[in-house]
Amino acid sequence: MWRARAAAVCVVCQRLANNSYGLKAKPPLQKLHLVSRSIHHPHYPNPKFPLRISLQHFSSLNHLPLRKAKFLSLKYGYPPHRNFWLARLTSRLLKLRYLILGSAVGGGYTAKKTYDQWKEMLPDLSDYKWIIPDFIWELDEHIDFEKLFKALPDAEDLAKLVPDFDKIGESFISLKGFFSPGSQGETAFRATDPGYENDKQYKKGLLGELILLQQQIQQHEEEARRAAGQYNTGSSQQKRKVSDKEKIDQLQEELLHTQLKYQRILERLEKENKELRKLVLQKDDKGIHQRKLKKSLIDMYSEVLDILSDYDASYNTQDHLPRVVVVGDQSAGKTSVLEMIAQARIFPRGSGEMMTRSPVKVTLSEGPHHVALFKDSSREFDLTKEEDLAALRHEIEIRMRKSVKEGCTVSAETISLNVKGPGLQRMVLVDLPGVISTVTSGMAPDTKDTIFSISKAYMQNPNAIILCIQDGSVDAERSIVTDLVSQMDPHGKRTIFVLTKVDLAEKNVASPNRIQQIIEGKLFPMKALGYFAVVTGKGNSSESIESIKDYEEEFFQNSKLLKTCMLKAHQVTTRNLSLAVSDCFWKMVRESVEQQADAFKATRFNLETEWKNNYPRLRELDRNELFEKAKNEILDEVISLSQVTPKHWEEILQKTLWERVSTHVIENIYLPAAQTTNSGTFNTTVDIKLKQWTDKQLPNKAVEVAWETLQEEFSRFMTEKKGKEHDDIFDKLKQAVKEESIKRHKWNERAEDSLRVIQHNALEDRSISDKQQWDAAIHFMEETLQSRLKDTESVIEDMVGPDWKKRWFYWVGRTKEQNIRNETKNELEKMIKCNADHAAYLANDEVTTVRKNLEAKGVTVDPCLIKDTWHQVYRRHFLKTALSHCNLCRRGFYYYQRHFVDSELECNDVVLFWRIQRMLAITANTLRQQLTNTEVRRLEKNVKEVLEDFAEDTDKKVKLLTGKRVQLAEDLKKVREIQEKLEAFIEALHQEK
């Protein structure tokens, strides 16, 4: 078997030798595996540093003879007696060399294949070259690394600079052993932290070690307290040695130094972390790698709360999303605590008076710059500048006063404010008006009840965190807010108690144990998750946040409350308070946000089902979308005004203008001129009357008629129903737009002046050119006189009552006054029959004659009644005479052309009506041009402005677009938006975990 293997190896070697034998250009050894190269030539140069000489291969394989191998003939039996031990040893050594050579070749091939597979598994890092700037790759062109390497110190000098890792390792092992399971540090940590199993993630890193150090401090506090208690109890304890007391004092002193050391380390770490975060945020803000920044988690959550504040909570869906509700008595320091958390003096301040008049929602988030901005404004207030801080406080005060309705003191309308800055704890706080016990002068009578209702509305949210602020400088029994908080959260599962003005409390309170009882929750029946004591400055409104922080730190370092262990280190300062509130807030958010998302998902399903059942063929258009649709319809209807034909405009204008001025023409021009005796006087009177009328009244009347005509046409297009496409939901909006547009529209003032000249020129023309115009004038005159005669007869009938036919057939009678007027009418008609050319007015003696004749019949009549009746009787007589004269003038055009020479027929009244008719036609044409060229466009512009104003006025749209359909679409839109934003927030929240 050994020989078979040797033969196989020899065959492999012969093949390798045959392939390379007799070739001038031999394959380079670089292509072989490293192991193979070492076997062929152990002194082959390194491929990384190639030699510039001709390659010479040295191997025993090149000198092997190319001949057939001869197999030895073996004889069976005993072996020969000759001993060729030297040849057999040489043969064995040669076979061993071949075995080693074959194994090396196979192993090299396998190793190369494994290396190639491993290389293919590596990711392609060429796409990530952009992470390293280009100048890094070009450093070798600008820097001589060989000189730099020579300039470096020796290894011995570097070894002296390296720290002693053995000592560091020993220190780390001892520290690790202190905090290992079962050690003293671990036992103290578990004893002081009931939520040890839930908070294991906070033990990582340097901050976790600091937290463990804090727990150790708490353990030392308990030991010191027990030692002090043992020293002060019993008569036997008083006989102890003085050394025990010194030992307790020394222990307390060491504990205080340890606490101060811990505070300084924590402050230094927080400051460094704040600066690093600021640098990172500034780099992201500049966009070094052109990356699109995502919206922060707290900003996404704040947007959801803003939408919910505007959402009408119906369909049994209420806003149960967490937020921190800040409540407290008036002037208890609520605003100061919020400013310390926000690290800026952003709220209006006052001494003793109510400053917070409406809820203020403050969203705190991290950012590269310390700025504040309102939800509905793009202006940023730089909180590092005193001018911007003053402007921000003024703006908040203005918004509060605007939100308060007339006759009220506080408002439930929420003001939304975002505050960003480096190192701020992410949370949402709502500052509520301070709770009062008495309504003072100047306040509305219901102010106290309104504040209670607003506070309860926010605190009854089962996921709201209640930050109860208590003034430490006044007696605890005077507090009102603690009872209110106890009613809303009796078990204290979501309440954090804060005692403010502890510096004043330490000076004024006779028994410091009372402060300890408050912080330990033993004085009030109210329960809470945690208790904190803070100092919010010296009471000076001009103090800066940094000075308040320094004063607070200095106070607690020197405070007896902390030295005597009445207060614990983690229960003091606003910094610790903000950390605790932020942790509690996010814990509540993670526990409740998904449940709220499911509730809104169910509400969305209910609303969609209701819409499909009630409006299956209509799209879900909310109020803004409906307004845009109505806006397009209104603009289309305004444009249709320009499509009205000129003929239609002129017919309407001419008809309306004549209806408006016909009474004046008949009563003040035609009738007085008709009383003249000859044609010359008639024409003169007519010219004078027409001139006066044109100068004073006619242009103004014409403009009024044109404006009213435009309004009527515009109203007709706006209110015209368009069959099945008409939507009644837009009627109120269209009516409001029409009224407001007409109210804003004003006719061009120069129109009357130009119109006066045109009308005056038209009325001066007396030349009728053809028979057709003459006939048209006669027809116009007949229509006017017949219309007036009909109106006059109607008036006379109302005066004298029904005639005998109506009394006989309809069984109606006359009143006493109607009988008197009827008798008077009959007497006056007799007078006209006697004198057909009677004047238009009765003389006094004629009035007396008529009265005496009526008295003779037993009818007592007043002279005024006689004159009034005469006016209508004479008018009827005159109109009938004028109509008969008009029929005679039908054939008078021939005489008119001859100026009525040698003719008894005079038709000057026909000429008058022709002048009036021509003036009406010219005026209508002029007004039509003004309408189509100027006024319609101005009206269209007014309509667009009104629509733009309405689009910005939310209250206006709510008032004009109403109904179940609109409200259902609005609710559906809000719920969808809330659900989508909640889902996006939940996804981002899971990614942050």
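Which residue stands opposite Phe532 in E9? Val498 does. Keep that pair in mind; the tour returns to it.

**Start with the whole chain.** This is a predicted model. Show the protein chain as a cartoon: 37 helices and nine strands make up its secondary structure. Colour by burial next. Of the 993 residues in the chain, 39% are buried. Among contacts with a separation of 6 or more, 78% join residues 24 or more positions apart.

**Select the sheet.** Nine strands form one open sheet, in the order E4-E3-E5-E2-E6-E1-E7-E8-E9. The pairing is mixed. Strands of a sheet pair through backbone hydrogen bonds, either parallel or antiparallel. Now find the edges. They are strand E4 (381–382) and strand E9 (530–533), and each pairs on one side only.

**Go to the E4 edge.** Select 371–374, which is strand E3. E3 and E4 form a hairpin, with six residues between them. Two bridges join these antiparallel strands. Look for Val371, which stands opposite Asp382 in E4. Then check the faces of E3. Val371 and Leu373 are on one side, Ala372 and Phe374 are on the other, and all four are buried. E3 also runs antiparallel to E5, joined to that strand by four bridges. There, Ala372 has Val419 in E5 as its bridge partner.

**Step across to E2.** Select 360–365 for E2 and 415–420 for E5. This time the strands run parallel, with six bridges between them. Pick Ser365: its bridge partner in E5 is Lys420.

**Add the helix over the sheet.** Select 334–342, helix H14. Which strands does H14 lie across? They are E1 (324–328), E2, E5, E6 (427–431), E7 (465–471) and E8 (495–500). Relative to E6, H14 runs at about 160°.

**Finish the sheet at E9.** Here is the opening pair again: Val498 and Phe532 stand opposite each other. E8 and E9 are parallel and share four bridges. On E9, Gly530 and Phe532 point one way, while Tyr531 and Ala533 point the other way. Each of these E9 residues is buried.

**Move to the cores.** In soluble globular proteins, nonpolar side chains tend to be buried together. The largest nonpolar core here has 99 residues. Select Tyr670, Trp693, Leu710, Trp774 and Ile916, the residues with the most contacts inside this core. Helix H35 (908–952) supplies the largest share, 17 residues. Another core lies apart from this one and has 66 residues. Among them are Ile341, Ile346, Ile415 and Ile469.

**Zoom in on two helices.** Two packed helices are described by the angle between their axes and the distance between the axes. Select H26 (698–719) together with H35. How do their axes cross? They come within 9 Å and cross at roughly 50°. H26 and H35 are therefore oblique to each other. Their crossing is right-handed. Show side chains on H26: Leu698, Ala702, Ala706, Leu710 and Phe714. These meet residues of H35, including Met919, Thr923, Leu927, Leu931 and Glu935. Leu710 also appears among the residues with the most contacts in the largest core.

**Last stop: Ser662.** Select this residue in helix H24 (646–674). Is Ser662 buried or exposed? Ser662 counts as buried because its relative accessibility is 7%. Now add Arg788, 126 residues apart from Ser662 along the chain. The C-alpha atoms of the two are separated by 9.5 Å.

Definitions and conventions. Residues are numbered from 1 along each chain as its sequence is written. This is a predicted model: local features need pLDDT of at least 70, side-chain atom pairs count only at pLDDT 80 or more; totals for chains, interfaces and linings use all residues. Side-chain values use heavy atoms; hydrogens and water are left out. Two strands pair if DSSP finds at least two bridges between them. Contact means heavy atoms within 4.5 Å. Axes are lines fitted to C-alpha atoms, for helices over the stretch in contact, and angles run from 0 to 180 degrees between N-to-C directions. A nonpolar core is a set of buried Ala, Val, Leu, Ile, Met, Phe, Trp, Tyr and Cys residues joined through side-chain atoms within 4.5 Å. Buried means under 20% relative accessible area, exposed over 50%, partly exposed in between (1.4 Å probe, protein chains only). Angles under 35 degrees count as roughly parallel, over 145 as roughly antiparallel, 65 to 115 as roughly perpendicular and the rest as oblique. A crossing is left-handed if the near helix is turned anticlockwise from the far one by less than a right angle, and right-handed if clockwise.
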